[in-house]
Amino acid sequence: MTTGAPIPTYPTSGAPGPAATRPRRSRLRTFLPLGLAVWLVLEIWLLTLVAGAAGGLSVFLLLVAGFVLGAVVIKRAGRRAFRNLNETLQRGTAPTRGGGNGLMMLGGLLLMIPGLLSDAVGLLLLLPPVQKAVSAYAERRLLAAAGMPGSLGDAYQQVRIHRPDGKVVQGEVIRDEQ
């Protein structure tokens with residue numbers, strides 16, 4: 001089964017080819033592992049700092065409270081999203097915006113992850129002004145990425161070919177770029 005995407009070919013001489021023939025590594029693949037490692041070290045450092053100042057039992061109780069609060073937030077956001085979906089389907093109209101349920105669920109998930117930094121970010125995501133700002137930023141970034149070649153908007157493109165006899169042939173654009 002083929003998808004129409006070209007298979008990258010590399011030189012077989014044993015030595016890697018010039019940088020132009022190899023696919024460029026994205027910045028996300030480069031910096032994501034580094035960012036996760038820094039975040040993990042910072043979380044552990046904050047936990048030990050707070051445990052030294054307030055005691056291990058209080059840190060444990062903070063982590064348990066964060067887990068329970070995150071579970072409650074995810075449950076409420078899920079119920080609200082399901083209720084909104086049911087109301088939309090009963091009315092027979094097109095669904096509107098999610099109302100921040102996705103960001104609320106993300107905030108609950110961050111509360112459930114052990115750590116004080118993730119708890120602070122999760123609590124921030126529960127505030128409506130922060131949700132509005134984050135969703136506007138994400139929407140702008142997705143719309144900008146949809147217009148770039150080789151991205152989400154370019155992944156599947158339809159074309160209509162108008163033939164001289166007046167018939168319209170609809171097809172799929174497949175680019176064979178090397």
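**Exercise 1. Determine whether Glu43 counts as buried or exposed, and describe its surroundings.**

Solution. Step 1: Glu43 has a relative accessibility of 3% and therefore counts as buried; the term buried denotes under 20% relative accessible area, exposed over 50%, and partly exposed the range in between (1.4 Å probe, protein chains only). The model is a predicted one, in which local features need pLDDT of at least 70 and side-chain atom pairs count only at pLDDT 80 or more, while totals for chains, interfaces and linings use all residues. Residues are numbered from 1 along each chain as its sequence is written, and side-chain values use heavy atoms, with hydrogens and water left out.

Step 2: Glu43 belongs to helix α1, residues 27-54. Helices (H or I, at least four residues) and strands (E, at least two) are DSSP runs, numbered from the N terminus.

Step 3: Apart from neighbours within four places in sequence, Glu43 is in contact with Gly115, Leu116, Leu117 and Ser118; contact means heavy atoms within 4.5 Å.

Step 4: A polar atom of the Glu43 side chain lies 3.0 Å from the backbone nitrogen of Leu117.

**Exercise 2. State how the span of helix α2 relates to the expected value, and which of its residues are buried.**

Solution. Step 1: The 36 residues of α2 reach 53 Å from the first C-alpha to the last, close to the 52 Å expected at 1.5 Å a residue. The expected span is 1.5 Å times one less than the number of residues in the helix.

Step 2: The buried residues of α2 are Val59, Gly66, Gly70, Val73, Ala77 and Thr88. Their cover includes α1 and α3.

Step 3: After α2 comes Gly92, with a positive phi near 80 degrees.

Step 4: Leu57 is also found in α2, which comprises residues 56-91. Because its relative accessibility is 61%, Leu57 counts as exposed.

**Exercise 3. Describe helix α3 in the same manner.**

Solution. Step 1: Helix α3, residues 101-112, has 12 residues and reaches 16 Å from its first C-alpha to its last, close to the expected 16 Å.

Step 2: Its buried residues are Asn101, Leu103, Met104, Gly107, Gly108, Leu110 and Leu111.

**Exercise 4. Summarise the chain as a whole.**

Solution. Step 1: The chain has five helices and two strands, in the order α-α-α-α-α-β-β along the sequence.

Step 2: Of its 178 residues, 13% count as buried.

Step 3: Among contacts between residues at least 6 apart in sequence, 44% join residues at least 24 apart.

Note on methods. A polar contact is a pair of N or O atoms within 3.5 Å; within protein, one must be able to donate a hydrogen and the other to accept it, and residues adjacent in sequence count only if both atoms are side-chain atoms.
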